[in-house]
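Hi,

Here is the structure I promised to pass on. Have a look at it first, and then read my notes on the side-chain contacts underneath.

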Amino acid sequence: QVQLAESGGGLVQSGGSLRLSCAASTSSFSLYAMAWFRQAPGEEYNFVAGITPSGEDTYYADSVKGRFTISRDNAKNLVYLQMNSLNAEDTAVYYCAAQFRPMQRGLPLANYEYRYWGQGTRVSVSS
């Protein structure tokens, strides 16, 4: 069982920045693909960004490319989401997700492909 805990959400003005963190409770963190999803009111979970177990490859939703950066520190069991140039459309609850993927290429992009989820952290962007 893997427990995930997000932090770093809050209220920010349009154009501002936030950095989300996700701490994972597993000794095999380097074997897990990690991703961030978000859910706005009345909407489904949407993929935001993902990173392969080694950190070599990253993937982004078109809506956040060039503004968000995902990274991980396998020594500390942490994954980050740096969010810049935030706008009102980024307002949502952001969830960290993990899926065990040793020796596999690529990255799952659908929420149902991730077994472990955090409780979420709310990001609100005021216009």
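Three salt bridges turn up when the whole structure is searched. Keep in mind that this is a predicted model.

Let me start with Arg38 and Asp90, which form a salt bridge whose closest N and O atoms are 2.9 Å apart. It connects distant parts of the chain: Arg38 belongs to strand β4, while Asp90 is in the loop between β8 (78-83) and β9 (92-100), 52 residues apart. Are these two residues buried or exposed? Both Arg38 and Asp90 are buried.

Asp90 also meets the side chain of Arg67 in a salt bridge, at 2.7 Å from N to O. Again distant parts of the chain are linked, since Arg67 sits in the loop between β6 (58-60) and β7 (68-73), 23 residues from Asp90. Arg67 is buried, as is Asp90. With partners shared between the salt bridges, Arg38, Arg67 and Asp90 join into one network.

Then there is Asp62, which forms a salt bridge with Lys65; here the closest N and O atoms are 3.2 Å apart. Asp62 has a relative accessibility of 65%, so it counts as exposed. The cut-off for that label is over 50%.

Now for the rings. The search of the whole structure gives eight aromatic pairs. One to pull up on your screen is Tyr45 with Trp117: the ring centres are 5.4 Å apart and the planes are at 55°, so this pair is tilted. Where do the two residues lie? Tyr45 is in the loop between β4 (32-39) and β5 (46-51), and Trp117 is in strand β10 (residues 116-117), so the pair ties together parts that are 72 residues apart in sequence.

As for accessibility, Tyr45 comes out at 33%, so it counts as partly exposed. Trp117 has a value of 25% and therefore counts as partly exposed too.

Which residues do the ring pairs link into a cluster? They are Phe37, Tyr45, Phe47, Tyr95, Tyr114 and Trp117, so if you colour one set of side chains, you could pick these.

One last contact involves a charge and a ring: the charged end of Arg72 sits over the ring of Phe29, 4.4 Å from the ring centre.

That's what I have for now. Shout if anything is unclear.

Cheers

Notes: Residues numbered from 1 in each chain as written. Predicted model: local features only at pLDDT ≥ 70, side-chain atom pairs only at ≥ 80, totals over all residues. Heavy atoms only, no water. Phe/Tyr/Trp six-rings, centres within 6.5 Å; stacked < 30°, edge-to-face > 60°. Helix = DSSP H or I, 4+ residues; strand = E, 2+ residues; numbered from the N terminus. Buried < 20%, exposed > 50% of the residue type's maximum accessible area, 1.4 Å probe, protein only. Lys NZ or Arg CZ within 6 Å of the ring centre and 35° of its normal. Salt bridge = Lys/Arg side-chain N within 4 Å of Asp/Glu carboxyl O.
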